[in-house]
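Trainee: I would like to go through the labels on this model one by one. For each, I want the value and the cut-off behind it.

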Amino acid sequence: MEEECGALVSIVMKEIGTVIEYNKPVEDEYDVFKMTSYYYLCKVKENYCKQNLDQYEENLGFKPVWISIEEAIQNNNLIINSDLRETPIWTGRNTFILEYIQDILKK
């Protein structure tokens with residue numbers, strides 16, 4: 001949360017789930033890229049700090065904004081269905097988990 005949003009977690013309330021992805025690696029010396037992402041329902045502190053972005057995130061112009069889950073899903077689907085040649089690989093994963101969280105919150 002701090003890295004990308006500048007938010008500090010105050011309470012971890014519940015584990016939501018885990019997503020394991022396998023992709024083709026960028027580096028030639030590897031056969032498979034595996035990434036495990038863990039998701040939690042959290043509360044964040046009211047005061048925010050500076051983001052600590054990786055260089056590629058800075059290059060992509062990451063800026064934190066708070067929007068509804070519905071709006072995030074809609075925006076991600078627009079990107080996925082657009083004519084962009086290089087849709088960021090995480091867009092599909094993030095959309096999947098947002099839809100899953102949306103279903104949990106409706107219950």
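Mentor: Start with a cut-off for helix pairs: an angle over 145 degrees between axes counts as roughly antiparallel. Keep in mind that this is a predicted model.

Trainee: Why are α3 and α4 called roughly antiparallel?

Mentor: Helix α3, residues 69-80, packs on α4 at an angle of about 150 degrees. The cut-off is over 145. Therefore α3 and α4 are roughly antiparallel to each other. Their axes are 10 Å apart.

Trainee: Which residues of α3 and α4 make the contact?

Mentor: From α3 come Ile69, Glu70, Ala72, Ile73, Asn76, Asn77, Ile79 and Ile80. From α4 come Thr91, Gly92, Asn94, Thr95, Leu98, Glu99, Ile101, Gln102 and Leu105.

Trainee: What is the handedness of the crossing of α3 and α4?

Mentor: α3 passes α4 in a left-handed crossing.

Trainee: Take Gln102 in helix α4. How do you know whether Gln102 is buried or exposed?

Mentor: The relative accessible area of Gln102 is 16%. Buried means under 20%. So Gln102 is buried. Leaving out residues up to four places away in sequence, Gln102 touches Ile69, Glu70 and Ile73.

Trainee: Now the whole chain. What elements does the chain have, and in what order do they run?

Mentor: There are four helices and two strands. From the N terminus on, the order is α-β-β-α-α-α. The C-alpha atoms fill a box of roughly 40 × 35 × 25 Å along the principal axes. Of the 107 residues, 20% are buried.

Trainee: How much of the contact set joins residues at least 24 apart?

Mentor: Count contacts between residues at least 6 apart in sequence. Of these, 61% join residues at least 24 apart.

Trainee: What makes a set of residues a nonpolar core, and which residues form the largest one here?

Mentor: The members must be buried, of nonpolar type, and joined through side-chain atoms within 4.5 Å. The largest such core has five residues: Ile16, Val19, Tyr39, Ile97 and Ile101. Two elements give two or more residues to this core: β1 (9-23) and α4 (90-106). In soluble globular proteins, nonpolar side chains tend to be buried together.

Trainee: What is Ile16 in contact with, beyond its neighbours within four places in sequence?

Mentor: Ile16 is in contact with Tyr39, Tyr40, Leu41, Tyr100, Ile101 and Ile104. Two of these partners, Tyr39 and Ile101, are listed in the core too.

Trainee: Val12 also lies in strand β1. Why is Val12 called buried or exposed?

Mentor: Val12 has 53% relative accessibility. The cut-off for exposed is over 50%. So Val12 counts as exposed. Not counting residues up to four places away in sequence, Val12 touches Tyr40, Leu41 and Cys42. The C-alpha atoms of Val12 and Thr36 are 19 Å apart, and the two residues are 24 apart along the chain.

Trainee: Ala7 is in the loop between α1 (2-5) and β1. What makes Ala7 buried or exposed?

Mentor: Ala7 has 1% relative accessibility. With the limit for buried at under 20%, Ala7 therefore counts as buried. Its contacts, again without residues up to four places away in sequence, are Met1, Glu2, Val44 and Tyr48. Ala7 and Ile69 are 62 residues apart along the chain, and their C-alpha atoms are separated by 18 Å.

Trainee: And Pro88, in the loop between α3 and α4? Which accessibility label does Pro88 get, and why?

Mentor: The relative accessible area of Pro88 is 27%. Partly exposed covers what lies between buried, under 20%, and exposed, over 50%. So Pro88 is partly exposed. From the C-alpha atom of Pro88 to that of Asp31, the separation is 21 Å.

Trainee: Last, the cysteines. How many disulfides does the structure have, and why is Cys49 not bonded to Cys5?

Mentor: The search finds zero disulfides. Cys5 is in no disulfide, and its nearest cysteine sulfur, in Cys49, is 10 Å away. A disulfide needs sulfur atoms within 2.5 Å. So 10 Å is too far for a bond.

Trainee: How are Cys5 and Cys49 labelled for accessibility?

Mentor: Cys5, at 24%, is partly exposed. Cys49, at 33%, counts as partly exposed.

How values were computed:
Residues numbered from 1 in each chain as written. Predicted model: local features only at pLDDT ≥ 70, side-chain atom pairs only at ≥ 80, totals over all residues. Heavy atoms only, no water. Buried < 20%, exposed > 50% of the residue type's maximum accessible area, 1.4 Å probe, protein only. Contact = heavy atoms within 4.5 Å. Axes fitted to C-alpha atoms, helices over the stretch in contact; angles between N-to-C directions. Parallel < 35°, antiparallel > 145°, perpendicular 65-115°, else oblique. Left-handed = near helix turned anticlockwise from the far one by under 90°.
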